[in-house]
Amino acid sequence: MARTMARLTRREIPHAKWCARDHRCGITEHRSADLTADGIGGRAWLTRVRAADVDYIEIRARIPLHSNEKVARWQLATALHLMRELLAEVVPRIARLQHRDPLQAIDRRAA
Ligand SMILES: [Zn+2]
């Protein structure tokens with residue numbers, strides 16, 4: 001029920017100065033062209049997105065995993081660790097307080 005109400009109250013938002021203004025944009029979400037970071041053997045894409053009243057960075061990456069399972073697991077663990085560090089570095093403390101995930105708040109209360 002709450003989800004249905006949220007959908008009904010969505011309003012159209014205008015293009016941003018930075019958005020792609022093409023098929024990547026929708027009525028309720030606007031997206032920039034991808035910013036590409038090439039590294040040795042991998043590639044990552046950053047996209048600026050505006051949904052409702054919130055702008056955020058969407059990050060995708062393709063990083064080849066080693067054929068050795070042990071090394072591949074180390075790669076996954078390292079990538080996860082560095083993503084956590086990235087979030088801690090890039091998300092300002094004030095934004096973390098303002099945009100706290102409501103599900104995390106529920107989990108905290110339940111614990
Ligand atoms: Zn747009």
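This is a short tour of the structure above, stop by stop, with something to select at each one. Keep in mind that you are looking at a predicted model.

**Stop 1: the whole chain**

Start with the protein chain in cartoon view. Its secondary structure comes to four helices and four strands. Follow the chain along its sequence and you'll meet them in the pattern α-β-β-β-β-α-α-α.

Now switch on the surface. The accessible surface of the protein chain comes to about 9,600 Å², and carbon and sulfur atoms account for 58% of that. How much of the chain is buried? Of its 111 residues, 13% count as buried. As for contacts between residues at least 6 apart in sequence, 16% join residues at least 24 apart.

**Stop 2: the zinc ion**

Hide the surface and select the zinc ion. Which residues coordinate the zinc ion? Show His15, Cys19, Cys25 and His30 as sticks, and you have them. The two histidines each use ND1 and the two cysteines each use SG, at 2.1 to 2.3 Å. Turn the view a little to take in the geometry: the angles among the four donor atoms run from 97 to 129°, and the site is tetrahedral. Along the chain, the donors of the zinc ion are spaced as H-x3-C-x5-C-x4-H.

Keep just Cys19 and His30 highlighted for a moment. Cysteine 19 sits in the loop between α1 (2-8) and β1 (29-31), while histidine 30 is in strand β1, so this pair ties together parts that lie eleven residues apart in sequence. Are these two buried or exposed? Cysteine 19 has 7% relative accessibility, so it counts as buried. Histidine 30 is buried too, at 3%.

**Stop 3: a salt bridge between Asp22 and Arg24**

Next, select Asp22 and Arg24. Their side chains meet in a salt bridge, with 2.7 Å from N to O. Aspartate 22 is partly exposed, with a relative accessible area of 29%, and arginine 24 counts as partly exposed at 31%.

How many salt bridges does the structure hold? There are nine. The general idea is simple: side chains of opposite charge can pair when their charged atoms come close.

**Stop 4: Asp34, Arg60 and their network**

Select Asp34 and Arg60 now. Here is another salt bridge, 3.1 Å from N to O. This pair links distant parts of the chain, with aspartate 34 in the loop between β1 and β2 (35-38), arginine 60 in strand β4, and their positions 26 residues apart in sequence. Aspartate 34 is partly exposed, with a relative accessible area of 35%; arginine 60 is also partly exposed, with a value of 35%.

Stay on Arg60 and show what surrounds it. Leaving aside residues up to four places away in sequence, arginine 60 touches Asp34, Arg43, Ala44, Trp45 and Thr47. Try a C-alpha to C-alpha distance from Arg60 to Trp45: the two are 15 residues apart in sequence and 5.2 Å apart in space.

Arg43 leads to one more pair, so select it together with Asp38. The side chains of aspartate 38 and arginine 43 meet in a salt bridge at 2.5 Å, N to O. Aspartate 38 is exposed, with a relative accessible area of 55%, whereas arginine 43 is partly exposed at 41%.

Then widen the selection to Glu29, Arg31, Asp34, Glu58 and Arg60. Salt bridges that share partners join these five residues into one network.

**Stop 5: a nonpolar patch**

For the last stop, bring the surface back and color Leu35, Leu46, Ile57, Ile59, Met83, Leu86 and Val90. Together they form a nonpolar patch on the surface, with about 570 Å² of accessible area. Which elements give two or more residues to the nonpolar patch? They are β4 (54-62) and α2 (69-90). The largest share, three residues, comes from α2.

Finish by zooming in on Met83. Methionine 83 lies in helix α2 and is partly exposed, with a relative accessible area of 37%.

Methods. Residues numbered from 1 in each chain as written. Predicted model: local features only at pLDDT ≥ 70, side-chain atom pairs only at ≥ 80, totals over all residues. Heavy atoms only, no water. Donors = N, O, S within 2.8 Å, 3.2 Å for Na, K, Ca; no water. Tetrahedral: all angles 85-135°; square planar, octahedral: opposite > 155°, others 65-115°. Buried < 20%, exposed > 50% of the residue type's maximum accessible area, 1.4 Å probe, protein only. Contact = heavy atoms within 4.5 Å. Areas by Shrake-Rupley, 256 points an atom, 1.4 Å probe, with all protein chains shown as cover. Patch = residues over 30% accessible without salt bridge, like charges linked within 9 Å, V, L, I, M, F, W, Y side chains within 5 Å. Salt bridge = Lys/Arg side-chain N within 4 Å of Asp/Glu carboxyl O.
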